[in-house]
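Biologist: Please show me the model. I would like each label justified by its cut-off.

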Amino acid sequence: MSSETILDVAGLRTTFHVKRANKKYALKAVDNVSFHLDKGEILGFVGETGCGKTTVGRSIIKLTKPEGGVVTFGGNNILNLTGRRLREVRLKVRMVFQDPYASLNPRRRIADSVAEAGDIHKLFNSPQDRLKQIAETLKRVGLDPSFADRFPHELSGGQRQRVGIARALLPIPGIIIADEPVSALDVSIQAQILNLLLDLRKRLNLAIIFISHDLSVVGQICDRIAVMYLGRVVEIGEAEELFNRPLHPYTQALIHAVPKPNPRLRIGKGMALGEPPSRFELKPGCTYADRCPLAEGVCLTDVPEIKTVKNAQMAACHKL
Amino acid sequence: MLSVQDLTVSVITGKTPLDITRNVSFELNKGEILGVVGESGCGKSMTALAIMGLLPKTTIAVRSGRVLLDDQEITHLEPHQRVDAGLSGISMIFQEPMTSLNPVMQIGDQIIEALLVHDRGNMRAPAARAKKLLDLVHIPDAAMQLKAYPHELSGGMRQRVMIAIALACNPQVLIADEPTTALDVTIQAEILSLLKELCEELSMAVLFITHNLGVVAQLADRVSVMYAGQIVETASVEVLFEHPVHPYTHGLFSCLPDPTKRSEPLQPIPGQAPLITEITDGCAFAPRCKFKTSACLSGSIDWTGISNGHKTRCHHPLKEQK
């Protein structure tokens, strides 16, 4: 762990116990995930629906209770904290959610939503100080301080997501966990929010965990990317390397399937991957074996461990 | 085959009608895929519903303009009138297949339901035809899957079932409204290649509505870009992506994330799209446009031809290459 590391996650496991058709299943949403996050770094998590990327984000600050693992932040294991000390950590590791329509209380003014964390933790010296901090935070995300008195329904989607970010920035945290922060927005607005996140990272030296299903967005703004498949990180590395020279067959297929905005680069036929297998009853061996063109022998029996393949790029595949 | 002429769809509940789409015109030829791109609220779905005759009529209706299928006007025909007149050659699929399918009905029966509507109930062996349709959209074990309920299928399979139902009437035109938006990229790629294949095999025309420029580039032959209820630029897919001339189209491209150009910052379009209540005279994009002049602020903006098949509603089309 280098001195620049702000968050270190080792062996994180989160299991959901679900009942389907009178049968109990232990669904491993996050299975043995390890990574570290440096100060001022943007780390992206990508993968398809249900791969566990959101659960990773939520497990880090115990919004979903993990079953095992160690999350080191500020010298403590977050997973061992409870009560007041856990709430203090959550003041420094903040979440931004996908849908700014659903994550803002429609009956509260913007000021009250933005100041909520400060109110709970009694961070304001006086009502004047409270107003001042709200105004400063709104300015920081590119909103006029007059928005403080408005209600969420008076704002557009992009403005609401700015409020969502403002709420996470009061007080200034060390880490933001942004769960699909631009998925509900139109492209022209999406670009505004992405630029805002990049700008905040630069000005406040924020570390950001950026969770998204959109590979182009992740490839554009993240420094490093972790690709998840059925609860496991199958590849992690520098964004540029990972995008240009993906190692894991799943990463390759995923990047290939992204529709490129160029009619001369059309995806040919014959790349059919098929459907992902059931998450309830996983077979032994590599979880990707069912869809993998390279799978054979050992892939069907042993789970591949994630290992360094070249430089800083790690992948979990027997064939590498 | 399908011709839409000056279609204006309006909310008619207030004192003055509010236009959701304004003078939308396009032609769709046999076997052609036309992509309609635009952001939320630009009127792309309303155009589709108007063509299908599915507008609520008492609140939102076609105020002017015409929809012609094979030179016959269908603008104001109710869906059942279209079936009676033998003009039911347009089908539609929607974004979220789970909300379009009946959750308590087997998918086989849902396909047969569509077959019976169009064949007036005197059809032989409907189950066999339903199975054929499932084969056509590449659903494995079609005979068994006829008995499945929608919740037993994955998102991609449900969208295939929707396409099978849409194909039950042997449509000449298929309208696909964001059919892959709810799907993962790997599944999206499969549905896109299925649509392309069906379009060729059945020489069916497709009107493909999406907000995703990547998807349009992959699939469409021609593209129309919509902004605030109007088509602002139309061209073949190659020309539009190489040489967009409307400042809005150009702006859409510059704010697309591109992992191969990480060093270049994204250039968002400033401001946001106007609400239908805010649209004034002149070009609707003018408030966000850096090329606007006084001429852009009044009157209606007519088409400017750029090259064969490429036209734009703009007084100052861009000259330089993207």
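The questions below take up one residue of chain A and then chain B as a whole.

Modeller: This is a predicted model, with local features needing pLDDT of at least 70, side-chain atom pairs counted only at pLDDT 80 or more, and totals for chains, interfaces and linings using all residues. Residues are numbered from 1 along each chain as its sequence is written, chains are lettered from A and ligands numbered from 1 in the order written, and side-chain values use heavy atoms, without hydrogens and water.

Biologist: How do you know that Glu235(A) has no salt bridge?

Modeller: A salt bridge needs a side-chain nitrogen of Lys or Arg within 4 Å of a carboxyl oxygen of Asp or Glu. The nearest side chain of opposite charge, Lys310(A), is 7.9 Å away from Glu235(A). Glu235(A) therefore has none. Yet Glu235(A) is buried, meaning under 20% relative accessible area (1.4 Å probe, protein chains only).

Biologist: What makes the pairing of Glu235(A) and Thr251(A) a polar contact?

Modeller: The definition asks for N or O atoms within 3.5 Å, one able to donate a hydrogen and the other to accept it. The side chains of Glu235(A) and Thr251(A) are joined at 2.7 Å, so the label applies. The side chain of Glu235(A) also has a polar atom 3.0 Å from the backbone nitrogen of Leu247(A).

Biologist: Why is chain B called as compact as a globular protein of its length?

Modeller: The globule rule is 2.2 Å times the number of residues to the power 0.38, and the radius of gyration is taken over C-alpha atoms. For 322 residues the rule gives 20 Å; chain B has 21 Å, which is close, so the description holds. Buried residues make up 52% of chain B.

Terms used. Buried means under 20% relative accessible area, exposed over 50%, partly exposed in between (1.4 Å probe, protein chains only). Lys and Arg count as positive and Asp and Glu as negative; His and the chain ends are not counted.
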